[in-house]
Amino acid sequence: MSQTFGKTSWKRFAVAMVPGIAATAAIGVALANNALAASFNVSGQKFKVTAGDLDGTNFAQFGSYDFETNGTPHAVAISAFDTATIQKMCQSVVSEPSLLGLKLPKVTLRLEAGNDPNKPVTAQNLLIDLDQLNADAEFTDINIGQDASTLKGTATANWKDIAGHPKPSGALGFAQAAPHAHLTGVQQTAWATSAGTFKLNGLSLKLYVGDDGNGKECY
């Protein structure tokens, strides 16, 4: 039976909001034994995301894999929110492109939105494939150790792995869920993000070439 906690707060999550060494080990064992399904193909390049404040409903989290097109797997924690309101969001990625074998200067892409407190970023059915996260977090009525195949919510229901399975499953499908999650000071590294709708109020996107990109990542 999973345990239930009311308004539980943890600080500076070291590994994708999975609280404690036992929880991290459980997801690792599940992944190693193929008990958790694989997610979708990714570019093979991670990106950084920060948020001053993230308030979400029907939070769920479970382990999975993302795969590069060459088959390289990456273990990830899928964070799902039915709805999310985000203040001061920043996303950055650094690329080192090449053309006909010629290495070109690196390019840093930085995207910002939701800096106006009256016009936050909003998302529905938000899914984040991440492998690192730091934040101050508060969950309401959280269940830790829930069977991933029993997760509720439209975001989780809309998730499909690379084989088309609608939900993660398996006896070792370790997951956690809460009807409400509130995170502040978010710093995360992700492989992919998807949403049914993603409204980026006050969107600003800039490219920095070469040394002009130094110090332009979100953190």
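Hi everyone. Let me start with a pair of side chains: histidine 74 and glutamate 68 make a polar contact through their side chains, at 2.7 Å. Please keep in mind that this is a predicted model.

So where does histidine 74 sit? Its place is in strand 5, which covers residues 73–95. Is histidine 74 buried or exposed? Its relative accessibility is 16%, and buried means under 20%, so histidine 74 counts as buried. Now look at what surrounds histidine 74. If we set aside its neighbours within four places in sequence, its contacts are Ser64, Tyr65, Asp66, Glu68 and Trp191. You'll recognise Glu68 there, the partner from the polar contact I opened with.

Let's step back to the whole protein for a moment. There are 219 residues, and buried ones make up 42% of them. For secondary structure, we have 13 strands and 2 helices. How much of the contact network links residues 24 or more positions apart? Taking the contacts with a separation of 6 or more, such pairs account for 84%. As for the outside, the accessible surface comes to about 10800 Å², and carbon and sulfur atoms hold 54% of that.

Next, the empty space inside. Rolling a probe the size of a water molecule over the atoms shows where empty space is left. How many cavities of 30 Å³ or more does a search of the whole structure find? The search finds 1, and the space in that cavity is about 60 Å³. Its lining has 10 residues, and those nearest the centre are Leu54, Phe81, Leu133, Leu183 and Gln188. Which strands supply at least two lining residues each? Those are strand 5, strand 9 (121–140) and strand 11 (174–194). We met strand 5 already, as the home of histidine 74. By class, the cavity lining has 8 nonpolar residues, 2 polar ones and no charged ones.

My last stop is glycine 210, found in the segment after strand 13, which spans 204–209. Why does glycine 210 count as buried? Because its relative accessibility is 14%, and the buried class is anything under 20%. Beyond its neighbours within four places in sequence, glycine 210 is in contact with Pro105 and Lys106. There is also a nice example here of sequence distance against spatial distance. Threonine 108 is 102 residues away from glycine 210 in sequence, yet their C-alpha atoms are 8.0 Å apart in space.

That's my tour, so thanks for listening!

Terms used: Residues numbered from 1 in each chain as written. Predicted model: local features only at pLDDT ≥ 70, side-chain atom pairs only at ≥ 80, totals over all residues. Heavy atoms only, no water. Helix = DSSP H or I, 4+ residues; strand = E, 2+ residues; numbered from the N terminus. Buried < 20%, exposed > 50% of the residue type's maximum accessible area, 1.4 Å probe, protein only. Contact = heavy atoms within 4.5 Å. Areas by Shrake-Rupley, 256 points an atom, 1.4 Å probe, with all protein chains shown as cover. Polar contact = N/O pair within 3.5 Å; in protein donor to acceptor, adjacent residues only side chain to side chain. 1 Å grid on protein atoms, 1.4 Å probe; cavity = no way out; pocket = protein on both sides within 12 Å on 5 of 7 lines; lining within 4 Å. Points joined across faces, edges and corners; volume = space filled by probe spheres on them. Nonpolar A, V, L, I, M, F, W, Y, C, P; charged D, E, K, R; others polar.
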